[in-house]
Amino acid sequence: MDRSLNIVVVEPDRDRARDIIEGLSKGGWTDVTVLGDTVGLARKLSDLNPDLVLIDLANPNRDLLENLSAASGATERPVAMFVDRSDDEMTRSALAAGLSAYVVDGLRKDRIKPVLETAIARFQMVSQMRTELEAAKQALAERKTIDRAKGLLMRAKSISEDEAYSLLRKTAMDQGRKVIDVAEALVTASDLLL
């Protein structure tokens with residue numbers, strides 16, 4: 001596990017912040033910045049650009065949880081939140097907000113290392129799934145565009161689907177372009193003409 005991470009801790013209580021820093025230090029993390037309040041959190045985190053955010057709250061409400069999740073950039077970096085109390089709805093909200101770890105029953109020094117390691121691993125897994133999902137969406141969109149271009153060629157030239165695809169592929173090769181680029185150009189031109 002990478003111990004050179006830049007970590008921001010959001011903790012208003014100085015004694016608890018000191019305990020968190022000590023727990024992080026024992027886990028091997030020493031590049032730690034503590035923010036004492038959540039006012040302007042998004043801007044502060046943007047300026048600091050941490051690798052990981054750890055938030056300790058006694059009893060968050062749903063709005064605060066969602067605001068902190070959005071401000072901390074839960075989709076951009078691992079965010080671990082420790083709370084003293086929660087309920088089923090808050091837990092679901094925390095997961096929906098994209099938190100990498102949501103730990104109920106407060107923060108203890110001995111829990112910091114395993115929780116952060118789990119948060120980092122979960123964040124990496126979710127990020128990979130997001131990347132794969134975006135790639136699949138892109139491939140599907142490209143497939144639809146290519147199919148539409150084939151349909152245009154089939155109607156205009158009275159050729160089969162295989163012949164239309166071969167024509168798209170040949171044109172792409174002749175022009176040193178990708179098949180999707182040729183298909184998009186054909187669809188765009190068709191839209192302009194109709």
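Is D174 buried or exposed? At 56% relative accessibility, D174 counts as exposed, since the cut-off for that class is over 50%. Keep in mind that this is a predicted model. With that said, here is a walk through its helix packing, its salt bridges and a couple of backbone oddities.

## Helix 7 and its partners

Let's start with helix 5 and helix 7. Helix 5 covers residues 109-157 and helix 7 covers residues 179-193; their axes come within 8 Å and cross at roughly 60 degrees. Helix 5 and helix 7 are therefore oblique to each other. As for handedness, the crossing of helix 5 past helix 7 is left-handed.

Which residues do the touching? On the helix 5 side they are E142, T145, I146, R148, A149, L152 and L153, and they meet V179, I180, A183, E184, L186, V187, S190 and D191 in helix 7. Sorted by class, this contact of helix 5 with helix 7 has nine nonpolar residues, two polar ones and four charged ones.

Helix 7 also packs against helix 6. The axes of helix 6 and helix 7 come within 8 Å and cross at roughly 110 degrees. That angle falls in the 65 to 115 range, so helix 6 and helix 7 are roughly perpendicular to each other. Helix 6 brings Y165, L168, R169, T171, A172 and Q175 to the contact, while helix 7 brings V179, V182, A183 and L186. The class split for the contact of helix 6 with helix 7 is seven nonpolar, two polar and one charged.

A183 is a handy residue to click on here. A183 lies in helix 7 and takes part in the contact with helix 5 as well as the one with helix 6. Leaving out residues up to four places away in sequence, A183 touches T145, I146, A149 and L168. A183 is buried, with a relative accessible area of 0%. If you want a distance to check, the C-alpha atoms of A183 and K144 are separated by 9.8 Å, with their positions 39 residues apart along the chain.

## Helix 1 against helix 5

How does helix 1 sit relative to helix 5? Helix 1 (residues 14-26) and helix 5 have axes that come within 8 Å and cross at roughly 55 degrees. The two helices, helix 1 and helix 5, are therefore oblique to each other. Here the crossing of helix 1 past helix 5 is right-handed. From helix 1, the contact uses D19, I20, E22, G23 and L24; from helix 5, it uses K109, I112 and L116. By class, the residues in this contact of helix 1 with helix 5 divide into four nonpolar, one polar and three charged.

## Salt bridges

How many salt bridges are there? The count comes to 14. Three of the pairs are set out here, with N to O distances.

| Pair | N to O distance |
|---|---|
| D37 and K44 | 2.9 Å |
| R77 and E76 | 3.8 Å |
| K170 and D174 | 2.8 Å |

Now for how these residues sit with respect to solvent-accessible area. D37 counts as partly exposed at 37% relative accessibility, and K44 counts as partly exposed at 22%. In the R77 and E76 pair, R77 is buried with a relative accessible area of 6%, whereas E76 counts as exposed at 59%.

The K170 and D174 pair brings us back to the opening question. K170 and D174 both lie in helix 6 (residues 161-175), four residues apart, which is about one turn of the helix. K170 counts as partly exposed at 46% relative accessibility, while D174 counts as exposed at 56%.

There is also a salt-bridge network, which links E11, R16, D56 and D84.

## Positive phi values

Two loop residues are worth a look in a torsion plot. N49 has a phi near 45 degrees, a positive value in a residue other than glycine. N49 lies in the loop between helix 2 (41-48) and strand 3 (52-57), and at 51% relative accessibility N49 counts as exposed.

S158 has a phi near 50 degrees, again a positive value in a residue other than glycine. S158 lies in the loop between helix 5 and helix 6. At 68% relative accessibility, S158 counts as exposed.

Definitions and conventions
Residues numbered from 1 in each chain as written. Predicted model: local features only at pLDDT ≥ 70, side-chain atom pairs only at ≥ 80, totals over all residues. Heavy atoms only, no water. Axes fitted to C-alpha atoms, helices over the stretch in contact; angles between N-to-C directions. Parallel < 35°, antiparallel > 145°, perpendicular 65-115°, else oblique. Left-handed = near helix turned anticlockwise from the far one by under 90°. Contact = heavy atoms within 4.5 Å. Nonpolar A, V, L, I, M, F, W, Y, C, P; charged D, E, K, R; others polar. Salt bridge = Lys/Arg side-chain N within 4 Å of Asp/Glu carboxyl O. Buried < 20%, exposed > 50% of the residue type's maximum accessible area, 1.4 Å probe, protein only.
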